[in-house]
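Trainee: Could we go through this one together? I'd like to see how the labels are earned.

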Amino acid sequence: KSRAAPANPSWPSRSWRGLRGAAAARAPDTMADDAGFTWESKEMLLRYKSLLLRLVLATVFGSLLHFIDNFVYLGDYGGPDYVTEPVIVVYWLLMTPVGMLAYKFFAEGRSVQFYFCGYLYALMALVSLGHYAVNPFSFYAARTHVLLFA
């Protein structure tokens with residue numbers, strides 16, 4: 001697999017940003033993002049963009065359900081005193097745009113920014129597992145376990 005930029009001089013050598021409609025249809029079969037990673041085909045890139053969008057939307061929806069449950073039934077989660085309803089809301093409002101930015105950067109071919117935001121979003125989402133560091137598994141109801149992994 002080649003990591004070289006496409007030979008087509010009309011194609012931006014390190015990005016697929018801004019391609020829409022007819023311009024996207026005229027793009028060469030291989031494309032490179034800003035980190036030099038070459039996609040083998042436009043179809044492959046579109047499949048990954050579609051998959052990533054679905055994953056981000058699913059995690060946003062799952063985290064929304066978890067954070068609403070955490071907000072409404074805060075006592076059932078048994079956490080530190082500094083975790084209050086406003087902290088829960090603010091954390092979700094900070095975390096969610098990071099995931100959206102990760103998708104946006106991927107869609108624009110900005111790999112470095114995508115990886116930074118993607119890893120940050122994953123780490124922020126994993127904070128939910130901290131509930132198990134505070135209380136044993138048996139402390140939580142079945143609903144809580146499901147929503148912790150949503």
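Trainee: Which phi does glycine 109 take just after α4?

Mentor: Glycine 109 takes a positive phi of about 80° there. Keep in mind that this is a predicted model, where local features need pLDDT of at least 70, side-chain atom pairs count only at pLDDT 80 or more, and totals for chains, interfaces and linings use all residues. Residues are numbered from 1 along each chain as its sequence is written, and side-chain values use heavy atoms, with hydrogens and water left out.

Trainee: What makes a stretch count as a helix or a strand?

Mentor: Helices (H or I, at least four residues) and strands (E, at least two) are DSSP runs, numbered from the N terminus. On that basis the chain has 7 helices and 2 strands, in the order α-β-β-α-α-α-α-α-α from the N terminus.

Trainee: Why does the span of helix α4 agree with what we expect?

Mentor: The expected span is 1.5 Å times one less than the number of residues. For the 24 residues of α4 (residues 85-108) that gives 34 Å, and the end C-alpha atoms are 35 Å apart, so the two agree.

Trainee: Why is threonine 144 called buried?

Mentor: Buried means under 20% relative accessible area, with exposed over 50% and partly exposed in between (1.4 Å probe, protein chains only). Threonine 144 has 1% relative accessibility, so it counts as buried. This residue belongs to helix α7 (residues 142-148).

Trainee: Which residues is threonine 144 in contact with, leaving aside neighbours within four places in sequence?

Mentor: Asp69 and Tyr77, where contact means heavy atoms within 4.5 Å.
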